[in-house]
Protein chains: 2
Amino acid sequence: MAPTLNERKEQILRAVVVNYIKTAEPVGSRTVARLYKVGLSSATIRNEMADLEELGYLVQPHTSAGRIPSQCGYRYYVDNLMEPGDISDDDEKVISNYLSFEKMREIEQIINNSARVLSSVTNQTSLIMGPQFKKSAFHQLRILPLDEKRGLVVLITDTGFIKNKVIDMQQQLTQAELHQVVSYLNQKLYGLTIDQVTTSLINELKRDLFKRLEILEQAFILLEESLKEEKQIRVFLGGTTNILNQPEFKDVDKIRRMLNLFEQEPLLFKILEETSNENDIVVRIGAENEYEDIQECTLITGTYKIHDKTIGTLGILGPTRMDYSRVISVMRRMVDYLNNRLSS
Amino acid sequence: MAPTLNERKEQILRAVVVNYIKTAEPVGSRTVARLYKVGLSSATIRNEMADLEELGYLVQPHTSAGRIPSQCGYRYYVDNLMEPGDISDDDEKVISNYLSFEKMREIEQIINNSARVLSSVTNQTSLIMGPQFKKSAFHQLRILPLDEKRGLVVLITDTGFIKNKVIDMQQQLTQAELHQVVSYLNQKLYGLTIDQVTTSLINELKRDLFKRLEILEQAFILLEESLKEEKQIRVFLGGTTNILNQPEFKDVDKIRRMLNLFEQEPLLFKILEETSNENDIVVRIGAENEYEDIQECTLITGTYKIHDKTIGTLGILGPTRMDYSRVISVMRRMVDYLNNRLSS
DNA sequence: CTTTAGCACTCTACGGTTAAGAGTGCTAAA
DNA sequence: TTTAGCACTCTTAACCGTAGAGTGCTAAAG
């Protein structure tokens with residue numbers, strides 16, 4: 001869609017982006033001439049940079065400063081100029097070092113740890129959406145009587161999640177009655193994703209069951225509630241303090257807005273879900289993001305799967321001035337890791 | 001221990017503390033004379049303030065500024081000058097409004113919500129230690145076979161916690177064998193607190209059981225691990241961004257140190273545990289805190305119970321310049337709330 | 001026609017100076 | 001013992017002026 005630039009302009013744009021990513025300082029024509037063997041004088045580069053500014057790829061903070069990439073500039077860089085490249089050896093070393101230590105079994109811990117790794121390698125803030133229970137398929141339901149009044153509902157999905165919840169049972173059920181209810185439910189719900197277990201479906205089942213047993217009111221309400229609650233998903237954060245190291249966040253007010261965002265789990269969830277794409281790593285630069293408070297940031301997301309079923313999203317959030325190539329390769333690496341780790 | 005001040009000095013000290021808490025500006029003698037009907041001229045107050053400074057209760061940021069309370073000054077204020085007072089009507093209204101909405105059943109949600117309330121009413125950062133599983137007593141253990149290879153271990157405590165964990169069972173166990181193991185364990189462990197279930201005790205049990213069944217290796221290792229893991233407790237945070245509103249945290253470096261602290265859950269846990277006292281609200285001002293990074297802060301803690309068993313701690317962390325009277329009363333209110341809520 | 005050297009111009013960042021304001025300590029009088 | 005008065009101190013904000021970086025434009029060179 002964007003008009004293609006000639007090679008020289010591309011070279012210069014790349015030089016500006018790369019240098020600005022590294023130094024966070026506006027890049028002048030002299031710097032480009034010196035550091036990137038373009039074989040041109042600063043004056044020529046100046047002219048080209050003026051063109052690039054007119055085309056919208058560069059901006060000038062003020063008349064006598066160097067140029068910095070605009071959001072379009074970053075976009076062009078990511079789409080056309082960046083060498084995708086594999087993860088660097090150094091990063092790989094750090095990551096595998098981190099991951100080798102972990103003997104975690106609980107899925108939450110794995111996710112949490114991944115958030116930590118992701119943020120400390122990229123020096124950005126990482127967000128990882130916990131496994132989305134609702135996308136799993138119903139596999140099995142058990143009710144385990146605890147004592148006279150209480151029971152434990154255990155719900156097992158095809159992806160291996162186990163959710164449980166204590167319920168009060170006002171009226172006592174005999175073992176046989178309980179068994180009857182449970183096997184009926186299992187039969188009806190088997191294979192549905194949790195998403196598909198709607199309130200209306202539950203109501204229907206309730207009507208059916210009431211014909212046979214009229215004592216389950218309590219238990220049912222609670223089962224319903226429990227399913228509803230489970231749809232709320234945790235978002236794990238790593239390296240929230242990393243934004244403080246970025247010069248673009250020297251303003252306390254910006255920091256506040258970001259941290260505020262980090263406290264709002266449902267919002268983070270929404271942002272991650274909207275941005276992510278099942279099959280690919282997505283890069284949202286600046287105003288490409290829906291949510292206003294991150295329109296000076298770039299969000300990079302990827303998804304992870306359990307047994308080929310997409311189950312969650314990971315994201316890295318930082319200023320638009322971000323080492324795209326590196327972050328993307330690290331992201332790719334972590335997605336692979338999670339896919340392998342969780343499917344075993 | 002501290003020498004008692006005469007009434008006039010107390011009045012002036014109180015005035016300085018109160019005013020400084022409100023304005024965050026050094027308080028001059030004129031201000032004290034004007035706003036707090038001491039019936040003395042600024043000159044007299046100046047002399048008294050010079051005395052108070054010599055005694056260590058006030059400090060001067062620089063020669064020509066007003067005074068601000070030293071940490072000793074705050075301590076004296078909290079111990080002797082502050083009217084303890086009940087929670088204000090406004091605060092009570094806000095709190096009960098928040099709490100009336102909640103229909104939460106899960107303990108984690110209750111805690112999390114409490115953290116939110118606490119922080120938004122006090123405008124400080126709140127920390128709440130999740131229920132301390134390890135202080136509960138062992139009540140009942142169940143193993144629920146899921147399929148050929150896996151089982152669900154369910155652990156129930158006297159305080160009503162339910163913890164569960166999936167285990168892989170390499171060798172198959174018959175129902176009878178399983179039952180035997182489980183009832184043996186229940187018998188041996190009943191009534192012990194989780195704290196008391198040490199590795200050595202588990203090893204002992206293991207030896208005992210191996211005489212009868214030699215197939216439990218796997219299951220046992222996993223049970224042991226699961227108990228160990230459960231000793232790690234979550235700390236819920238609320239209002240971490242509130243510190244940004246405090247003028248004492250205008251320095252980005254201080255902000256970073258605090259946020260860094262907030263990311264280290266085990267450390268928060270340690271701080272809360274060290275500070276808290278089962279029977280009372282504890283106020284730790286500045287250097288009274290062990291941990292270096294909060295020695296410019298005040299930490300106020302209280303504990304909550306389930307069935308008269310202390311099970312967790314809540315804390316409020318803010319700059320030493322904090323509305324002590326208000327925070328303490330709010331803290332007291334929330335402790336009461338949690339005690340009632342969780343014991344039902 | 002493209003590239004380059006040169007130069008005047010613009011804007012920021014920084015250091016130093018100044019003036020206003022707040023509050024003190026001291027002295028002497030009430 | 002208290003208070004009025006005053007000189008003194010220190011901070012803060014505003015206001016220069018200058019150095020430095022980088023530009024845009026022009027004119028010459030390739």
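Of the atoms of DNA strand C within 4 Å of the protein, 76% belong to sugar or phosphate, and the rest belong to bases. For DNA strand D the sugar or phosphate figure is 77%, again with the rest in bases. This is a predicted model, in which local features need pLDDT of at least 70, side-chain atom pairs count only at pLDDT 80 or more, and totals for chains, interfaces and linings use all residues. Side-chain values use heavy atoms, with hydrogens and water left out.

## DNA strand C

DNA strand C is surrounded by 20 residues. A residue is near a strand if one of its heavy atoms lies within 4 Å of it. The closest are A:Arg8, A:Thr44, A:Thr63, A:Ser64 and B:Ser29. By class, the surface near DNA strand C has four nonpolar, 12 polar and four charged residues. Here Ala, Val, Leu, Ile, Met, Phe, Trp, Tyr, Cys and Pro count as nonpolar, Asp, Glu, Lys and Arg as charged, and the others, Gly among them, as polar.

Three polar contacts to DNA strand C appear in the table below. A polar contact is a pair of N or O atoms within 3.5 Å; within protein, one must be able to donate a hydrogen and the other to accept it, and residues adjacent in sequence count only if both atoms are side-chain atoms.

## DNA strand D

Around DNA strand D there are 20 residues, and A:Ser29, B:Arg8, B:Thr44, B:Thr63 and B:Ser64 come nearest. The surface near DNA strand D divides into four nonpolar, 12 polar and four charged residues.

| DNA atom | Protein partner | Distance |
|---|---|---|
| Phosphate oxygen, strand C | N or O atom in the side chain of A:Arg8 | 2.6 Å |
| Phosphate oxygen, strand C | Polar backbone atom of A:Ser41 | 3.1 Å |
| Sugar or linking oxygen, strand C | Polar backbone atom of B:Ala65 | 3.5 Å |
| Sugar or linking oxygen, strand D | Polar backbone atom of A:Ala65 | 3.5 Å |
| Phosphate oxygen, strand D | N or O atom in the side chain of B:Arg8 | 2.7 Å |
| Phosphate oxygen, strand D | N or O atom in the side chain of B:Thr44 | 2.5 Å |

The elements that give two or more residues to the surface near DNA strand D are α3 of chain A and α3 of chain B. Helices (H or I, at least four residues) and strands (E, at least two) are DSSP runs, numbered from the N terminus. α3(B) gives the most to the surface near DNA strand D, with four residues. For DNA strand C, the largest share of the nearby surface, four residues, comes from α3(A).

## Helix packing in chain A

Helix α1 (residues 7–23) of chain A and α3(A) have axes that come within 10 Å and cross at roughly 85 degrees. That makes α1(A) roughly perpendicular to α3(A). Axes are lines fitted to C-alpha atoms, for helices over the stretch in contact, and angles run from 0 to 180 degrees between N-to-C directions. Angles under 35 degrees count as roughly parallel, over 145 as roughly antiparallel, 65 to 115 as roughly perpendicular and the rest as oblique.

From α1(A), the residues A:Arg8, A:Lys9, A:Ile12, A:Leu13 and A:Val16 meet A:Thr44, A:Ile45, A:Glu48, A:Met49, A:Asp51 and A:Leu52 in α3(A). Contact means heavy atoms within 4.5 Å. The contact of α1(A) with α3(A) has six nonpolar, one polar and four charged residues.

Helix α5 (residues 89–100) of chain A and helix α12 (residues 324–342) of chain A have axes that come within 11 Å and cross at roughly 30 degrees. On the α5(A) side, the contact is made by A:Asp91, A:Glu92, A:Ile95, A:Ser96 and A:Leu99. α12(A) supplies A:Arg326, A:Val330, A:Arg333, A:Met334 and A:Tyr337. This contact of α5(A) with α12(A) divides into five nonpolar, one polar and four charged residues.

## Chain B

Helix α5 (residues 89–100) of chain B packs on helix α6 (residues 107–122) of chain B at about 155 degrees, with axes 10 Å apart. That makes α5(B) roughly antiparallel to α6(B). α5(B) brings B:Asp91, B:Val94, B:Ile95, B:Tyr98 and B:Leu99 to the contact, and α6(B) brings B:Asn113, B:Val117, B:Ser120 and B:Val121. By class, there are six nonpolar, two polar and one charged residues in the contact of α5(B) with α6(B).

B:Ala24 lies in the loop between α1 (7–23) and α2 (29–35) of chain B. Leaving aside neighbours within four places in sequence, B:Ala24 is in contact with B:Asn19, B:Pro247 and B:Arg321. B:Ala24 and B:Ile68 are 44 residues apart in sequence and 8.7 Å apart in space, C-alpha to C-alpha.

Note on methods: Residues are numbered from 1 along each chain as its sequence is written. Chains are lettered from A and ligands numbered from 1 in the order in which they are written.
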